[in-house]
Every structure is written in structure tokens, then in C-alpha cells.
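Here is a friendly walk through one protein chain. Let's begin with its nonpolar core and work outwards to the strands around it.

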Amino acid sequence: MEEHTTTVDKPATSRRHFIDLLLGVSVVAWLASVAYPIIRYLKPLPQTGSGGPTHLTRDEASKLEQKQFVIVPVSGQRVIVVNVQDRTCAFSAKCTHEGCTVTYLPGQSVIWCPCHDGRFDLNGRVLSGPPPRPLSQYAVNRQPDGGIVISEERA
Ligand code: FES
């Protein structure tokens, strides 16, 4: 009689252990899914060397090809790199009005600030809206191997 009880209890204990383990893993996964975006948001952009050029990574270069623009960190500043008709240009991604991050509108060939509808042309000049100054321009160098290097603002 006792043998029968022990054989019945073992699977129940094993099942309970499995459910506890599954619950523990679920809680850890949930905490990670909440914490990761917060940490990612709070983490500063990676710094490059002081004034050193930034090579676009393979992912950034492929994003540039697909979306016609990409935003990359250069010396701790956000820089928008735009690729239009075999011409690649780069500007500070910080709007000169109140500092929002600009984006590129491929259909209109303008750099656009979504905060107050500021618009810049592909030379960084203000087309419309409240921005008081043009965007700062960065130097773009295409390497013989196809790589793209963005360096500090032109003087
Ligand atoms: S912050 Fe860009 S237009 Fe106001």
C-alpha cells in the first residue's frame, strides 16, 4: 500500500517542480522585458574617439541603403546620414530650434523636424518652420571598399 502512495506522489512533486520552474522563468523573462527598454533608453549613446571619424557599421550601411537615411553617433552627437541619388550627406540630427531629433522624408527630399514642423533641404538650410539656423554639416567620405566614414563638422 505504501509503495503505491510513493509512486503516485513522485509525478505530482515533479509536476509541481516543473510548474514552479516555469513560473520562475516567466517572472524573470517579464522582468527582463520591462528592464531592458528602460536601461536601453537611459544608456548614453556610445562615444567615439574625441573628434575621430565614425565608420558606419554593416547594419547602419544596409539601413542607409534601405531607408535612405540613418542616424548614427559621431563624437557623442547624433548625426543623420542621408543617401539620395548617389549623393551621401550628413548633418547634425539635433534641430536648431529646440533640439528635437530630425528625420528624413524620402518622398519630399527634406529633413524634417516632427516637433514643430521645421524643414531643411539636403544642404541643411532651413526651408520652413521655426528653426533659426541651418543644420551643422558633417564630412562624408566613401572608402574604396565601399565603407562610409563620417567625421566632425566641417569648419
Ligand atoms: S524643435 Fe525642431 S522645429 Fe522646433
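## The nonpolar core

In this predicted model, the largest nonpolar core is made of 22 residues. Val79, Ile80, Val81, Ile111 and Ile150 have the most contacts inside this core. Two or more residues come from each of these elements: S2, S3, strand S4 (87-92), S6 and strand S10 (148-153). As background, nonpolar side chains in soluble globular proteins tend to be buried together.

Ile80 makes a good vantage point. Setting aside neighbours within four places in sequence, Ile80 is in contact with Phe69, Ile71, Ala90, Phe91, Ala93, Val102, Tyr104 and Ile111.

## The chain as a whole

Stepping back, the protein chain has two helices and 10 strands. Read from the N terminus, the elements follow the order α-β-α-β-β-β-β-β-β-β-β-β.

The protein chain has 155 residues, and 17% of them count as buried. If we take the contacts between residues at least 6 apart in sequence, 37% of these link residues at least 24 apart.

## The hairpin of S2 and S3

Two of the strands that contribute to the core, S2 and S3, also pair with each other. Strand S2 (residues 69-74) runs antiparallel to strand S3 (residues 77-84), with six bridges between them. One of the bridge pairs matches Val72 with Val79 in S3, and Val79 is among the residues with the most contacts inside the core.

Two residues lie between the strands of this hairpin, and Ser75 adopts a positive phi near 50°.

## Strand S6 and its two partners

Which residues of strand S6 point to the buried face? Ile111 and Cys113 share one face and are buried, whereas Val110 and Trp112 point to the other face and are not buried. In a regular strand, side chains alternate between the two faces of the sheet. Ile111 is also one of the residues in contact with Ile80.

S6 (residues 110-113) pairs with strand S5 (residues 103-105) in the antiparallel sense, over three bridges. Val110 in S6 is the bridge partner of Leu105. The hairpin formed by S5 and S6 has four residues between the strands, and Ser109 in the turn shows a positive phi of about 55°. S6 also runs antiparallel to strand S7 (residues 118-120), joined by three bridges, with Cys113 matched to Gly118 in S7. The hairpin of S6 and S7 again has four residues between its strands, and here Asp117 has a positive phi near 60°.

Terms used. Residues numbered from 1 in each chain as written. Predicted model: local features only at pLDDT ≥ 70, side-chain atom pairs only at ≥ 80, totals over all residues. Pairing = 2+ DSSP bridges. Buried ≥ 20, exposed ≤ 12 C-beta atoms within 10 Å, placed from the backbone. Contact = placed C-beta atoms within 7 Å. Core = buried A, V, L, I, M, F, W, Y, C linked by C-beta atoms within 7 Å.
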